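User: I am new to this structure and would like to walk through it with short questions. Please show it first.

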Amino acid sequence: MHFDPTIPFKYWDALLIGLGTSLRLTLICLAIGIALGFVTSQARQSRLLPVRAVATFYVELFRGTPVLIQLFWIFYCLPMLIGAEPGNFISAVLSLSLYAGAITSETFRAALKSIPREQYDTCRALGITGLRLAIWVVLPQALLRAIPTLLSNAVALFKESALISAVGMADLMFIGSSIANRTGRPVEMLTAVAIIYFTVAFPLTRIVGRIEARILRRLAV
Amino acid sequence: MTYDLQFFYVWQNLDKLGRGVLVSLELTGLANLIGLTAGFAIALMLRARTPVLRVPATALVELFRCTPVLIQVVWFFYCVPILFNLFVDPMVMAVLALGLNLAAFNAEGYRAAIQSVPREQYDACAALGLGGWTRVRHVVLPHALRAALPVLMTNGITIFQQSALVALVAIPDLMYEGKMLSTETYRPIETYTVVAAIYFAISAPISLIVQRIEARFDRVQA
């Protein structure tokens, strides 16, 4: 077969639009997911059994089923249940945010475990409780300790976002494979798409290692 | 809107979903076989002193870890046959793609575990004159396997969930059968809910076991 590496460059603008969609979706869902994840991790430590049960069920459900079926469920089943079409983008944001919330809540849970007991005792002595304890004492420390894993979560989310091509959203994967089918050049196009995903994800994973080392050094004071 | 749930069609076609489950489990089992063995080999290569071994292993791991599984599966399906003039059963391609992906993730798990083998063990090996393959098989591997167990199990169950992707290249796994059934019967809610429940019912017990093991490790360390 004749391999022509110039083909993907002919379609660089379309691929760039696809990458834009993938990145935008990842960032939106990451922001919502981190907020949701922190709230969920707090709910899982709640003293109230129903709150704890709901939070645990949510996390286990979204971590225990394929993201693909979560997407299909929200795209095809939710509109029937609520009797309205939320639209493609909203549906994608909804499903990936719920997934992101589930995985980041586990990250926060691990980070929360590493906050020393003394901090809680100090807060009690100072009369800091409830929401103020969560926002001013727990959140900053949990966030700092969670940063490396959250970055890994971000990379995972970016990779999982390729699934939305299966429900017809024009992300990088969808545009790449459409062009591959249209031009009959799967090798060049799909390889190019893989390289683009790699160029975004790889530097991020390197940064994770760097930050991890730095935070470890700081915390080990 | 009130929606009338009708699980009748799903129950009637449960045998199709059952066949799908078997395909998904077969894929997962074979991928884990590759992932557990090749993963360890790659982990050893990552630690090798000669770049001849280290560089390809690193490239493989980073490539599989930094791209979506979907593109890996699609690439194996459409590009490998063209590039290598290799036309085999779709299942083989799916197992290869998922297996290599798992191997890359497991290699990282093994590597961390190998690093956790205390220096003293190596010193003891040197004192006893154990080297090379004997040291790997009788000292490093048992140690690393135990330390890596939770990660390996988590990765193994993740690949079970990722195996749903092969439905997009028309391999008749659980996801694919579910998709077909939902289109045939116009009952997406019931079908996808049952399919999700099946995936969950298989993953949840294993992730529970992982949590138990991790809790025990934590206790031992504390």
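User: Which residues of the largest nonpolar core touch the most other members?

Analyst: This is a predicted model, where local features need pLDDT of at least 70, side-chain atom pairs count only at pLDDT 80 or more, and totals for chains, interfaces and linings use all residues. Residues are numbered from 1 along each chain as its sequence is written, and chains are lettered from A and ligands numbered from 1 in the order in which they are written. A nonpolar core is a set of buried Ala, Val, Leu, Ile, Met, Phe, Trp, Tyr and Cys residues joined through C-beta atoms within 7 Å. Of the 106 residues in the largest one, those that touch the most other members are A:Ile69, A:Val193, B:Ile71 and B:Val73.

User: Which element gives the most residues to this core?

Analyst: Helices here are DSSP runs (H or I, at least four residues), numbered from the N terminus; strands are E runs of at least two. With 14 residues, the element that gives the most to this core is α5(B).

User: Is α5(B) largely enclosed or not, and why?

Analyst: A residue is buried if 20 or more other C-beta atoms lie within 10 Å of its own, exposed if 12 or fewer, and partly exposed in between, with C-beta atoms placed from the backbone. Of the 26 residues of α5(B), 19 are buried, so the rest of the structure leaves this helix largely enclosed.

User: How far apart are the end C-alpha atoms of helix α5 of chain B?

Analyst: The expected span is 1.5 Å times one less than the number of residues. For residues 90-115 of chain B that gives 38 Å, and the model agrees, with the ends apart by 37 Å.

User: Which residues does B:Val73 touch?

Analyst: Contact means C-beta atoms, placed from the backbone, within 7 Å. Residues up to four places away in sequence are not counted. The partners are B:Ala94, B:Ala97, B:Leu165, B:Val166 and B:Val169.

User: Which element gives the most to the side of chain B that touches chain A?

Analyst: In this interface, 30 residues of chain B are in contact with 32 residues of chain A. On the chain B side, α3 (51-65), α4 (69-84) and α9 (188-221) each give two or more residues. With 10 residues, the top contributor is α9(B).

User: How do the residues of that side divide into nonpolar, polar and charged?

Analyst: Ala, Val, Leu, Ile, Met, Phe, Trp, Tyr, Cys and Pro count as nonpolar, Asp, Glu, Lys and Arg as charged, and the others, Gly among them, as polar. On the side of chain B that touches chain A, the split is 25 nonpolar, 4 polar and 1 charged.

User: Which residues of α3(A) are buried, and which are exposed on the other side?

Analyst: The buried ones are A:Ala55, A:Val59, A:Arg63 and A:Gly64. They cover an arc of only 145 degrees around the axis (directions from the axis to the C-beta atoms), which puts them on the same side of α3(A). Exposed on the other side are A:Pro50 and A:Phe57.

User: Where does B:Asn85 lie, and what is its phi?

Analyst: B:Asn85 lies in the loop between α4 and α5 of chain B. B:Asn85 is exposed, with 8 other C-beta atoms within 10 Å. Although B:Asn85 is not a glycine, its phi is positive, at about 50 degrees.

User: What is the mean pLDDT of chain B?

Analyst: pLDDT is the predictor's confidence in each residue, from 0 to 100. In chain B, 98% of residues reach 70 or more, and the mean is 90.

How values were computed: Two residues are in contact if their C-beta atoms, placed from the backbone, lie within 7 Å.
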